[in-house]
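Colleague: Could you walk me through this model? I would like to go from the overall fold to the side chains.

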Amino acid sequence: TGRRTERSPREVTMNTRKSVAWGWAAFFIAGTTGAFIGWKQVKDSEAANRLRALEQQRRNDEVVARTNARIRAAQEAKTAAMAQDGAPVEAAALAMGTVAATGNTGGAEAAPASQ
């Protein structure tokens, strides 16, 4: 059972070369597969980060919009109250620096400094 036949030096050389070639092929395939998986993970992570940043920016924008709406409503209420007290609306608006007087619809700078 299992008597080994003698192999020629040429056959030994060919088998060695074949083994070395398959070894390099496996090494190359493993390396490129690993590199691709790493690249894909980086890309997926970057995409997730971009999505997270966009969602955070949307939430921030909503907070700013709500805050500006509250400020605007308070300023309009003050202007209306001052007008009822007999002060001219334009003067009241100018004194408070409201959107009506300045045309400013921006962010925090729309708030009067006296608050």
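Colleague: Which pattern does the chain follow, read along the sequence?

Modeller: Happy to help; please keep in mind that this is a predicted model, in which local features need pLDDT of at least 70, side-chain atom pairs count only at pLDDT 80 or more, and totals for chains, interfaces and linings use all residues. Residues are numbered from 1 along each chain as its sequence is written, and side-chain values use heavy atoms, with hydrogens and water left out. The chain has three helices and zero strands, where helices (H or I, at least four residues) and strands (E, at least two) are DSSP runs numbered from the N terminus. Read along the sequence, that gives the pattern α-α-α.

Colleague: Where in the chain is confidence lowest, and where is it highest?

Modeller: The mean pLDDT (the predictor's confidence in each residue, from 0 to 100) is 83 for the chain, and 72% of its residues reach 70 or more. Where pLDDT is low, the predicted coordinates should not be read in detail. Confidence is lowest in helix 3 (residues 99-102), at a mean of 50, and highest, at 95, in helix 1.

Colleague: How many ångströms does helix 1 reach from its first C-alpha to its last?

Modeller: Helix 1 covers residues 9-84, and it has 76 residues. The expected span is 1.5 Å times one less than the number of residues, which comes to 112 Å for helix 1. The model is close to that expected value, with a reach of 112 Å.

Colleague: What share of the residues in the chain is buried?

Modeller: Buried means under 20% relative accessible area, exposed over 50%, and partly exposed in between (1.4 Å probe, protein chains only). In helix 1, the buried residues include N68, I71, Q75 and T79. Of the 115 residues in the chain, the buried share is 10%.

Colleague: How much of the area that the chain exposes do carbon and sulfur atoms supply?

Modeller: Accessible areas come from the Shrake-Rupley method with a 1.4 Å probe, and for residues only the protein chains shown count as cover. The chain exposes about 9,300 Å². Carbon and sulfur atoms supply 62% of it.

Colleague: Which residues form a nonpolar patch on the surface?

Modeller: Patches are made of residues with over 30% relative accessible area and no salt bridge; like charges are joined within 9 Å, nonpolar side chains (Val, Leu, Ile, Met, Phe, Trp, Tyr) within 5 Å. One member, W24, lies in helix 1 and is exposed, with a relative accessible area of 57%. Together the patch has about 380 Å² of accessible area, and its residues are V20, W24 and F27.

Colleague: Which side chain meets D44 in a salt bridge?

Modeller: The structure holds five salt bridges, each a side-chain nitrogen of Lys or Arg within 4 Å of a carboxyl oxygen of Asp or Glu. D44 is partly exposed at 42% relative accessible area, and its partner is partly exposed at 37%. The two lie four residues apart in helix 1, about one turn of the helix. At 3.1 Å, N to O, the partner of D44 is K40.

Colleague: Which residues are linked in a network of salt bridges?

Modeller: An α-helix has 3.6 residues a turn, so residues three or four places apart point the same way. E55 and R58 are three residues apart in helix 1 and meet at 2.3 Å, N to O. E62 and R58, four residues apart in helix 1, also meet in a salt bridge (2.3 Å, N to O). The network links E55, R58, R59 and E62.

Colleague: At what distance does the side chain of T32 reach the backbone oxygen of I29?

Modeller: T32 lies in helix 1 and counts as partly exposed because its relative accessibility is 38%. The side chain of T32 reaches the backbone oxygen of I29 at 3.1 Å.

Colleague: Which residue has its backbone oxygen 2.8 Å from a polar atom of the side chain of T79?

Modeller: T79 is in helix 1, and it counts as buried because its relative accessibility is 11%. The backbone oxygen 2.8 Å from a polar atom of the T79 side chain belongs to Q75.

Notes
Polar contact = N/O pair within 3.5 Å; in protein donor to acceptor, adjacent residues only side chain to side chain.
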